[in-house]
Amino acid sequence: MAQSYSQFRALWAITRASFKAIFKQPASIIFSLLFPIVFILIFGAFSNGGGGSQPIAIIPGSDTTNALFDSIKANPYIRISTLKDTARMRDAIERGNLTAMLKIDKVPVDSFNSYKVKVIATSASGSNLGELLQQLDYLAMKTELDEAHISERHYHLQPMVYEGRKYRRIDFILPGQLGFSILFATLFGIAITFFNLREQLVLKRFYATPVKKINILIGIGASRLFFQVVNVLVLILFGYFFLNFTLVHGVVTVVEMLLLTLVMLFLLMGVGLIISSVAKSDAIIPLLINIFGFPQMLLSGTFFPIEVFPKWLQDLCQALPLTQFNNAMRKISFDGLHLFDCWKELGILGIWIAVVYLVVNKVMKWE
C-alpha cells in the first residue's frame, strides 16, 4: 500500500537544510551578531545622561585675580584649556574643539571694580554655547551676591528627587541596534538566498515536486526567522548582563520583545522576496536593499532620536516600519508597557505586512 506524501516531512527537511546552509556563510553571523555587538559597545560607551564639561580658553591679558574667575576655575562643568596662543584658540573654536574663548577685563567704576566678560564663539559650538552661557550667568550672579554679603535670599529652590528607573544610553541604543541587525541581515539573507535558488533552478525543481509552494516558502523563511530570533535573544542578554540594559518585567519583557521581532521579521521576509523577484542580477540586490534600508537606518531612531529632525520629516519617519519597531521595543523594554499596549505600532506594521505580501503575490517568481 503506497504511503501518502507527507507535507510536514518535506517542510521539516527544507527548514533543516536551509538552517544548516546559514552557518556555511560566515557573513551571516558577522552582520547579524558581531557588528551589532560592536555598535552597541561603541554607542553604549557614551555618557549616560548629561553632557561633559564645556572646554573654554582664557584669552591672554584677561584679569584672573577676581572671584568670578575663581568660580569658573572651580566649576566642574567648565574646563579651562591650556592653550595660550590666541591663533590656536581661534582654530580650536572653529573646529568645535572649544566651546568659547573668554576675555575678562576689569572696568573701574567709582569706588568699586566692575568686570566685563567677553565670550567669543562660532556656530561650531552649537547648543554647547547656550549651556556655557547659562553656567557663566549663574556664576556671575552667585559671585555678586557673595560680594554683596547677601545671605538671605527671597527665592529658594527646594529640589525633590525621588527614586526612579535610571535611563541609560544603552536603553536607547540597543533597541535600535536590534532593528538595524534584523533589517539588513534578513533582507540580505532572504533576497540573496531566494535569488540564488531561483537562478540555480532549485525553486523550479521544488515546484515540480508534490510539496506545496507555501511549505517551500515557510521552510526557507522559518530557518532564517529562527536564526534572527536567536541573534536578537543573544543581543538582549548581552546588553542586560554586560551593559545594564533595562528589562522592566524580566523574562516577560524578553518574550514580548521576541514576539515583536517575529512580526518585524515576517514583514522583512516579504520585502526580501520582492527584492529577489524584481532583481535582474545578484549585483543589483545590494542596491535595492540599501534603497529600502538606509533611509530607515538614518530616519527611524536607530542611532539618535527622530525629534532632532524638522516636523515635516518627523511625520515621514513615523510612516517607516523600522521607526514603529524601534518605538515599540523601547516602550516594552524601558517604559514597561506590554505588547498589546503598542497597538499603534503594531497597526502600522500590520498595514505594511498586508501591502508587502500583496506585492509578493504579484511579483513572486519561481523560475
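In this predicted model, the face of helix 5 turned away from the buried side carries Ser127, Gln134, Asp137 and Glu144, which are exposed. The buried residues of helix 5 are a second set to look for: Leu132, Leu136, Leu139 and Thr143. Viewed down the axis of helix 5, the buried residues fall within an arc of 65°, so they line one face of the helix. A general property of helices helps in reading this pattern: an α-helix has 3.6 residues a turn, so residues three or four places apart point the same way.

Helix 5 itself runs over residues 127-147 and has 21 residues. From its first C-alpha to its last, helix 5 reaches 31 Å, close to the 30 Å expected at 1.5 Å a residue. Asp146 also belongs to helix 5. With a relative accessibility of 47%, Asp146 counts as partly exposed. Across the fold, Asp146 and Ala67 are 9.4 Å apart, C-alpha to C-alpha, with their places 79 residues apart in the sequence. Just after helix 5 comes His149, where phi is positive, at about 55°.

A similar reading can be made for helix 11, which covers residues 311-318. Here the buried residues are Leu313, Gln314 and Cys317. Seen down the axis of helix 11, they fall within an arc of 105°, so these residues line one face of the helix. On the face turned away from the buried side, helix 11 carries the exposed residues Lys311 and Trp312.

Cys317 leads on to the cysteines. The relative accessibility of Cys317 is 0%, and the residue counts as buried. Cys342 is likewise buried, with a relative accessible area of 0%. As for covalent links, a disulfide is a bond of that kind between the sulfur atoms of two cysteines. The structure holds zero disulfides.

Aromatic side chains offer another way into the model. The count of aromatic pairs comes to eight. One of them joins Phe304 and Phe309 in an edge-to-face arrangement, with the ring centres 5.8 Å apart and 70° between the planes. The angle qualifies as edge-to-face because it is over 60 degrees. The two partners can be told apart by their exposure: Phe304 is partly exposed, with a relative accessible area of 32%, whereas Phe309, at 17%, counts as buried. The cut-off that settles this is 20% relative accessible area, under which a residue counts as buried.

Phe180, Phe184, Phe294 and Phe303 come together in one aromatic cluster. Within this group, Phe180 lies in helix 6, which spans residues 169-199. Phe180 counts as buried, at 12% relative accessibility. Although Phe180 and Thr302 are 122 residues apart in sequence, their C-alpha atoms are 7.0 Å apart in space. Another ring, that of Phe172, has Arg330 lying over its face, at 3.8 Å from the ring centre.

The UniProt record, an unreviewed entry, places the feature "transmembrane region" at residues 26-46, 172-195, 216-241, 247-275, 287-306 and 346-364. Two of these spans can be compared with the model. Over residues 172-195 the chain is 100% helix and 0% strand, and 35 Å separates the end C-alpha atoms. Residues 247-275 are 86% helix and 0% strand, with their end C-alpha atoms 35 Å apart.

Helix 9 covers residues 251-278, and Phe266 has its place in this helix. The relative accessible area of Phe266 is 37%, which makes the residue partly exposed. Phe266 and Gly221 stand 45 residues apart along the chain, and their C-alpha atoms are separated by 8.6 Å. Asn244 lies in the loop between helix 8 (213-243) and helix 9. Asn244 is not a glycine, yet its phi is positive, at about 60°. Asn244 is partly exposed, with a relative accessible area of 45%.

Methods. Residues numbered from 1 in each chain as written. Predicted model: local features only at pLDDT ≥ 70, side-chain atom pairs only at ≥ 80, totals over all residues. Heavy atoms only, no water. Phe/Tyr/Trp six-rings, centres within 6.5 Å; stacked < 30°, edge-to-face > 60°. Buried < 20%, exposed > 50% of the residue type's maximum accessible area, 1.4 Å probe, protein only. Lys NZ or Arg CZ within 6 Å of the ring centre and 35° of its normal. Helix = DSSP H or I, 4+ residues; strand = E, 2+ residues; numbered from the N terminus. Expected span 1.5 Å × (residues − 1). Arc of directions from axis to C-beta. UniProt positions renumbered as here; feature names shortened; annotations may be inferred. Disulfide = S-S within 2.5 Å.
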